[in-house]
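Visitor: Hi! I'm new to reading protein structures. Could we go through this one together?
Guide: Happy to, let's bring it up.

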Amino acid sequence: LHLFGIRPGRLVEPAEEWDSATTLAFPARAVPFRLRRTARLLRIHRTTVERKLAFLAERGRLKHRRWLESFESRPLASFQFDEMETSEHSKMKPLSIALAVNDQGRKILGFEISQMPASGLLAKKAQKKYGPRKDERPQGLHRLLQSIKPVIAPEVMIRSDEKSLYP
């Protein structure tokens, strides 16, 4: 990945690559728009928007990984867990997002997205149109807990809404 002349594994500060005003304005202005609209607003090419998004995503992943590593020496004694629902491209294709959040500061420790079958009034319609959908929420929850295992203490307090699906 050679974006902006950056060697793989090397991330630079915004001032080295672009002016910091553009870097700070980019995520805030880009949130509600598509790539083409964002490019028009910022008066840059759409490919540049794609590259900046990839760059900022990698910076975010690296920053989050470093933040999580800070807990390895002093593991967390408690965290909060919950799930929220969204959809792929139709309400007939729901997704579940399992989320683990630090009690102090409410920062995200990790998340996992899993597919789930439609429920309620759309269940029959979804079954007919898309066929049976697996409920991958238990596996997603397991993957989430495995991913944060290095930063939590062996004896940990997990707060949740006590949904019957949770172990």
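Visitor: What share of the contacts with a separation of 6 or more comes from residues 24 or more positions apart?
Guide: That share is 55% in this protein chain. Do keep in mind that we are looking at a predicted model.

Visitor: Okay! How many helices and strands are there?
Guide: The protein chain has six helices and four strands. Reading along the sequence, you meet them in the pattern α-α-α-α-β-β-β-α-α-β.

Visitor: And how much of the chain counts as buried?
Guide: The protein chain has 167 residues, and 31% of them count as buried. Its accessible surface comes to about 11700 Å², and carbon and sulfur atoms account for 53% of that.

Visitor: Which residues have the most contacts inside the largest nonpolar core?
Guide: They are Phe79, Phe81, Ala100, Leu109, Ile148, Val151 and Ile152, in a core of 13 residues.

Visitor: Which elements give two or more residues to that core?
Guide: Two strands and a helix do: strand E1 (76-87), strand E2 (94-102) and H6.

Visitor: You listed Phe81. What is the C-alpha separation between Phe81 and Ser160?
Guide: It is 5.1 Å, although Phe81 and Ser160 are 79 residues apart along the chain. Ser160 sits in the segment after strand E4 (152-159).

Visitor: How accessible is Ser160?
Guide: Ser160 has 32% relative accessibility, so it counts as partly exposed. The cut-offs are under 20% for buried and over 50% for exposed, with partly exposed in between.

Visitor: New topic: pockets! What's the volume of the second largest one?
Guide: The second largest pocket has a volume of about 200 Å³. It is lined by 13 residues, and the closest to its centre are His64, Leu68, Leu109, Ser147 and Ile148.

Visitor: Where in the fold does the lining come from?
Guide: Helix H4 (46-69), strand E3 (108-115) and helix H6 (137-148) are the elements that each give two or more residues to the lining. H4 supplies the largest share, with four residues.

Visitor: How does that lining divide into nonpolar, polar and charged?
Guide: Seven of the lining residues are nonpolar, three are polar and three are charged. Two names here may ring a bell: Leu109 and Ile148 are among the residues closest to the pocket centre, and both were also listed for the largest nonpolar core.

Visitor: Let's look at strand E3, then. What does Phe111 touch?
Guide: Leaving out residues up to four places away in sequence, Phe111 touches Ile97, Ala98, Leu99 and Leu144. Phe111 is indeed in strand E3. Its C-alpha atom is 5.4 Å from that of Ala98, and the two residues are 13 apart along the chain.

Visitor: And what about Glu112, what does that one touch?
Guide: With the same residues up to four places away left out, Glu112 touches Ser96, Ile97, Ala98, Gly140, Arg143 and Leu144. Glu112 also lies in strand E3. Glu112 and Leu144 are 5.7 Å apart, C-alpha to C-alpha, with their positions 32 residues apart in sequence.

Visitor: Anything unusual about the backbone? Which phi value does Arg43 have?
Guide: Arg43 has a positive phi of about 60°, and it is not a glycine. As background, most residues other than glycine have a negative phi. Arg43 lies in the loop between helix H3 (35-42) and H4.

Visitor: Is Arg43 buried or exposed?
Guide: Exposed, because Arg43 has 78% relative accessibility.

Visitor: What about the phi of Arg106?
Guide: Arg106 has a positive phi too, about 55°, and it is not a glycine either. You'll find Arg106 in the loop between E2 and E3. At 53% relative accessibility, Arg106 counts as exposed.

Visitor: One last thing: where is Ala123?
Guide: Ala123 is in helix H5 (residues 123-130). Its relative accessibility is 26%, so Ala123 counts as partly exposed. The C-alpha atoms of Ala123 and Met92 are separated by 7.3 Å, and these residues are 31 apart along the chain.

Visitor: Great, thanks for the tour!

Note on methods. Residues are numbered from 1 along each chain as its sequence is written. This is a predicted model: local features need pLDDT of at least 70, side-chain atom pairs count only at pLDDT 80 or more; totals for chains, interfaces and linings use all residues. Side-chain values use heavy atoms; hydrogens and water are left out. On a 1 Å grid over the protein atoms alone, a cavity is a set of points where a 1.4 Å probe fits but cannot get out, and a pocket is an open set with protein on both sides within 12 Å along at least five of seven lines; lining residues have an atom within 4 Å of a point. Grid points are joined across faces, edges and corners, and a volume is the space filled by probe spheres set on the points. Ala, Val, Leu, Ile, Met, Phe, Trp, Tyr, Cys and Pro count as nonpolar, Asp, Glu, Lys and Arg as charged, and the others, Gly among them, as polar. A nonpolar core is a set of buried Ala, Val, Leu, Ile, Met, Phe, Trp, Tyr and Cys residues joined through side-chain atoms within 4.5 Å. Buried means under 20% relative accessible area, exposed over 50%, partly exposed in between (1.4 Å probe, protein chains only). Contact means heavy atoms within 4.5 Å. Accessible areas come from the Shrake-Rupley method with a 1.4 Å probe; for residues, only the protein chains shown count as cover.
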